[in-house]
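I set out these entries to record what I looked up in the structure shown below.

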Amino acid sequence: MAAIWAGIDAGKTHHHCVAIDEGGRRLLSRRVTNDEPELLELLGDVLALGDEVTWGIDLADGGAALAIAILINHGQPVRYISGRAIHRASEGYRGEGKTDAKDAAVIADQARIRRELHQPPHRPGH
């Protein structure tokens, strides 16, 4: 198995996750409810795809707080990509207009190719 990049387009009640391989090929695309059991199931499914996963997410708090906490608590590397950066980057990707799945794919791909991304702040208790 190999490295995987997973992008999460975060929302208040639902998230969309896309996982890609080193060549940018889509391995998983799924909408999940923003609750712990579904997020843990998603985590397990993505981890089963490769040896090493790097996660990208478009929100640093709010609706993404639970997903970020779960990922960090499971020792997963998480990188924050701003909505503005996603919007600019998405212009260079083919496909439909703005959708959660496309945004999640852009986030995953940006996490794959950009090395300067930072980890979102994590506050205990969030």
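**Entry 1: lining of the second largest cavity.** I sorted the lining residues of the second largest cavity by class and obtained eight nonpolar, no polar and no charged. I note that the model is a predicted one. The residues I listed for this lining are Ile8, Leu39, Leu42, Leu43, Trp55, Ala67, Ile70 and Leu71. I then asked which helices each supply at least two residues of the lining. They are helix 1 (36-47) and helix 2 (65-73). For the volume of this cavity I recorded about 50 Å³. Counting cavities of 30 Å³ or more, I arrived at two.

**Entry 2: nonpolar cores.** I next looked up the largest nonpolar core, and I recorded 21 residues for it. Ala6, Ile8, Cys17, Val46, Trp55 and Ile57 have the most contacts inside this core. I checked which elements give two or more residues to the core, and these are strand 1, strand 2, strand 3 (26-33), helix 1, strand 4 (52-57) and helix 2. Another core, of 14 residues, lies apart from the largest one; I noted Ala3, Val106, Ala108 and Ala111 among its members.

**Entry 3: Ile8.** I returned to Ile8, since this residue lines the second largest cavity and is also one of those with the most contacts inside the largest nonpolar core. Leaving out residues up to four places away in sequence, I found that Ile8 touches His15, His16, Cys17, Trp55, Gly56, Ile57, Asp58, Leu71 and Ile107. Of these partners, I had already listed Trp55 and Leu71 in the cavity lining.

**Entry 4: Gln76.** I located Gln76 in the loop between helix 2 and strand 5 (78-80). Is Gln76 buried or exposed? The relative accessible area of Gln76 is 12%, which is under the 20% limit, so I entered this residue as buried. With residues up to four places away in sequence not counted, Gln76 touches Leu43, Leu47, Val53, Trp55 and Leu71. I note that Leu43, Trp55 and Leu71 also appear in the lining of the second largest cavity.

**Entry 5: Lys12.** Lastly I looked up Lys12, which I placed in the loop between strand 1 (3-9) and strand 2 (14-20). Its relative accessibility is 74%; the limit is over 50%, and therefore I entered Lys12 as exposed. I asked which residues Lys12 touches, not counting those up to four places away in sequence. They are Asn34 and Gly63. Between Lys12 and Asn34 I recorded 7.1 Å from C-alpha to C-alpha, with the two residues 22 apart in sequence.

Definitions and conventions. Residues numbered from 1 in each chain as written. Predicted model: local features only at pLDDT ≥ 70, side-chain atom pairs only at ≥ 80, totals over all residues. Heavy atoms only, no water. Helix = DSSP H or I, 4+ residues; strand = E, 2+ residues; numbered from the N terminus. Buried < 20%, exposed > 50% of the residue type's maximum accessible area, 1.4 Å probe, protein only. Contact = heavy atoms within 4.5 Å. 1 Å grid on protein atoms, 1.4 Å probe; cavity = no way out; pocket = protein on both sides within 12 Å on 5 of 7 lines; lining within 4 Å. Points joined across faces, edges and corners; volume = space filled by probe spheres on them. Nonpolar A, V, L, I, M, F, W, Y, C, P; charged D, E, K, R; others polar. Core = buried A, V, L, I, M, F, W, Y, C linked by side-chain atoms within 4.5 Å.
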